[in-house]
Amino acid sequence: MPANYDLIIVGGGCAGLSLAMRLSEQNLNCPKVLIIERRDHYVNDRTWCFWCTEDSYLKHLPSHHWETIKIKSAQESSYINCKDTPYLMIEAKVFYEHALQKIAKNNRITIVFNESVVTVPTKTNELWHFVGNDEIYTAKTIVDTRPVKIPQHGDAILWQSFYGYEIECANAVFDRNIATLMDFDDYDKTCVCFNYILPTSTKKALIEITIFAVHPIPYENLKVKLEKVISRYTANQAYKTIRTEHGILPMGNKPQTNSHDKSYIYAGLFAGAARPSTGYAFQRIQRWADYCAKAIYQTQYPISHQPDSISQTAMDSLFLKLVRARPNLAPTIFIKLFSQCDTPKLIRFLSDKAKLFDYIAVMLALPPAPFLKQLLIGFFEKTIGHATKKTD
Ligand SMILES: Cc1cc2nc3c(=O)[nH]c(=O)nc-3n(C[C@H](O)[C@H](O)[C@H](O)COP(=O)(O)OP(=O)(O)OC[C@H]3O[C@@H](n4cnc5c(N)ncnc54)[C@H](O)[C@@H]3O)c2cc1C
C-alpha cells in the first residue's frame with residue numbers, strides 16, 4: 001500500500017501548525033504533509049506571551065506589548081523596565097490565521113478538521129496506519145502533538161493551573177503601560193497563588209488567577225476566587241466578559257517517552273516544550289519547529305524537543321523543589337529575582353539563552369539560605385536513596 005503522506009502531524013495546535021509553517025517554507029522540497037486536527041474551527045482560546053529578544057520567532061505578530069512589568073506581594077511592589085526586551089502578547093486568533101495563510105500557500109500541506117486520532121497507530125511494511133472517523137491514513141513518519149489526556153498529579157514537580165477572563169469595563173481603570181506578571185495572594189498557604197493582569201487599554205484587560213500546586217486544579221474551582229479578584233481590580237464596577245481562558249501546564253514533567261522508532265516522535269507541551277520553571281512553551285515550540293523542519297529536510301525524519309542544558313535543568317529543578325516544599329517563600333523569591341537581578345540577564349535566563357554569567361547573576365539575586373537548605377535536602381535524599389538501593 002503506498003503512503004498517502006510523507007508526514008502526518010497529529011494535532012494542529014501551536015506545535016503542529018508551527019512545524020507546518022516551517023515546512024511550508026521549503027516550497028517544492030516540502031514533504032507531503034497532513035495535519036489532523038480534532039477541532040472543527042479555531043477560536044481565540046488563548047494568548048501567548050514571551051519576552052522579545054533579538055532572535056524571538058514571530059515577533060512581528062503581537063497584538064500588544066509592555067515595557068514595564070510589575071511584581072507585587074502584600075508587603076512590596078517591584079517595577080521592572082524591560083524596554084529593550086518588551087513582554088509581547090500574541091492573540092491565538094492572530095497566530096492561527098497567520099499559520100493557516102502560510103500553510104495554504106503550499107499545496108503539499110493539507111489540514112483536515114473535525115478529525116480525531118483515537119486509536120494506537122500501527123506500523124506495517126514501513127508505514128504508519130491511523131484510523132480516523134471514516135478514513136485510514138498512512139504515512140512514513142508521524143509527529144504526534146496530542147496532549148496527555150488527564151494530567152496526573154505525580155507526573156510533574158508542580159502543576160500550573162490558571163483561569164482568566166478578558167474583560168471590558170465602562171470606565172477607565174487600568175494602566176495600559178504596565179503588565180502585572182505576579183500579584184501574590186495568600187489564598188491558600190499550601191500552594192503559590194498569584195494574579196496576572198495584562199491590560200490592553202484603560203478599560204480592557206486579561207485578568208487571570210494562577211496556582212502552582214502539586215495537583216492540577218480544575219478551572220471550575222478557581223471561578224469564585226477569580227471573580228472576587230476581578231471585582232478588586234475593577235473597583236466593583238460592572239464589566240463585560242469578552243472571553244475566558246484556562247490551562248493546566250506541567251512544570252518539571254518527565255516528557256512523553258519517544259519510541260525507539262525514529263519515524264514516530266512526540267512533540268508539544270507534554271513532550272518537553274514547557275520550560276520547567278515557568279510553564280512557558282511558545283518560543284520553545286517555535287525553536288523546535290525550526291530545527292525539526294531542518295531535520296526533516298536533511299534526513300526525512302522529524303526530531304523531538306532537545307533536552308535543556310545541565311545548568312538550566314539543575315536550576316529549574318532546584319527552584320521547583322524549593323517552591324513545592326516552601327510555597328510561602330515564593331513571593332520573596334520572585335520579588336528578589338526580578339528586582340535584584342540585572343533585567344537583560346534575567347530575560348536571557350527566562351528565554352533559555354543564559355550564559356555562565358547570567359546563571360551566576362540569577363543565583364546571586366536569590367535568597368541563599370533556603371536554596372542551600374534545599375540543595376542539602378536533595379543531596380541527602382539522593383545519598384540515602386543510593387544507600388537504600390545498595391542495601392536492597
Ligand atoms: C490558555 C493557555 C495560555 C498559554 N499562554 C502561554 C504563554 O503566554 N506563553 C507561553 O510560552 N506558553 C503559554 N501556554 C503554554 C503553551 O504555549 C500552549 O499550551 C501551546 O498551545 C502548546 O502547544 P501544543 O501544540 O503542545 O498544544 P495545543 O496548542 O493545545 O495543540 C494540541 C492540538 O491537538 C489537538 N488534538 C487533541 N487531541 C487530538 C486527537 N485525538 N486527534 C487530533 N487532534 C487532537 C487539539 O485540538 C489541539 O489543537 C499557554 C497554554 C494555555 C492552555
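Two strands count as paired here if DSSP finds at least two bridges between them. Helices (H or I, at least four residues) and strands (E, at least two) are DSSP runs, numbered from the N terminus. What you have open is a predicted model, where local features need pLDDT of at least 70, side-chain atom pairs count only at pLDDT 80 or more, and totals for chains, interfaces and linings use all residues. Residues are numbered from 1 along each chain as its sequence is written, and side-chain values use heavy atoms, with hydrogens and water left out.

**Stop 1: the seven-stranded sheet**

Select β12, residues 156-169, together with β16. These two strands run antiparallel and are joined by 13 bridges. Click on W159 and look across to β16, where P250 stands opposite.

Now bring in the rest of the sheet. Seven strands make up this open sheet, in the order β6-β5-β13-β14-β15-β12-β16, and the pairing is mixed. At the edges sit β6 (77-81) and β16 (239-253), each pairing on one side only. On average, neighbouring strands here are turned by 15° against each other, direction ignored. (Axes are lines fitted to C-alpha atoms, for helices over the stretch in contact, and angles run from 0 to 180 degrees between N-to-C directions.)

**Stop 2: walking in from the β6 edge**

Which residues of β6 are on the covered face, and which on the uncovered one? S78 and I80 are on the covered face, while S77, Y79 and N81 are on the uncovered one. As background, side chains in a regular strand alternate between the two faces of the sheet.

Step over to β5. With β6 it forms a hairpin that has four residues between the two strands. Their pairing is antiparallel, over five bridges, and T68 stands opposite N81 of β6.

On to β13, which pairs with β5 in the parallel sense, again through five bridges. Pick K72 and you'll find its bridge partner in β13 is D183. How many residues of β13 are buried? Seven of its seven residues are, so to speak, under cover: the strand is mostly covered (buried means under 20% relative accessible area, exposed over 50%, partly exposed in between, with a 1.4 Å probe and protein chains only).

Next door, β13 and β14 pair in the antiparallel sense over three bridges. Show F184 as sticks, then F194 of β14, which it stands opposite.

**Stop 3: helices across the sheet**

Turn on helix α3, residues 223-233. This helix lies across β12, β13 (178-184), β14 (192-199), β15 (204-213) and β16, and runs at about 50° to β12. Then add helix α6, residues 330-340, lying across β5 (68-72), β6, β13, β14 and β15. Its direction is about 150° to β13. Contact means heavy atoms within 4.5 Å.

**Stop 4: α1 and its two partners**

Two packed helices are described by the angle between their axes and the distance between the axes. Select α1 (residues 14-24) and α4 (residues 282-299): they pack at an angle of about 45°, with axes 8 Å apart. That makes α1 oblique to α4 (angles under 35 degrees count as roughly parallel, over 145 as roughly antiparallel, 65 to 115 as roughly perpendicular and the rest as oblique). The crossing is right-handed; a crossing is left-handed if the near helix is turned anticlockwise from the far one by less than a right angle, and right-handed if clockwise.

For the contact itself, light up C14, A15, S18, L19, R22 and L23 in α1, which meet α4 residues including F282, W288 and I296. By class, this contact has 11 nonpolar, two polar and two charged residues. (Ala, Val, Leu, Ile, Met, Phe, Trp, Tyr, Cys and Pro count as nonpolar, Asp, Glu, Lys and Arg as charged, and the others, Gly among them, as polar.)

Swap α4 for α2, residues 92-104. Here α1 packs at about 35°, the axes being 9 Å apart, and it passes α2 in a left-handed crossing. Among the residues making the contact are L17 and M21 of α1 and F95 and Y96 of α2. The class count is nine nonpolar, three polar and one charged.

**Stop 5: the three-stranded sheet**

Another open sheet has the order β3-β7-β4, with antiparallel pairing. Its edge strands are β3 (47-51) and β4 (64-66), and neighbouring strands are turned by 20° against each other on average, direction ignored. Five bridges join β3 to β7 (residues 87-91); find C49, whose bridge partner in β7 is M89.

**Last stop: D358**

Zoom to helix α8 (residues 356-365), where D358 has its place. Buried or exposed? D358 is buried, at a relative accessible area of 2%. Leaving aside residues up to four places away in sequence, it touches K345, R348 and K353.
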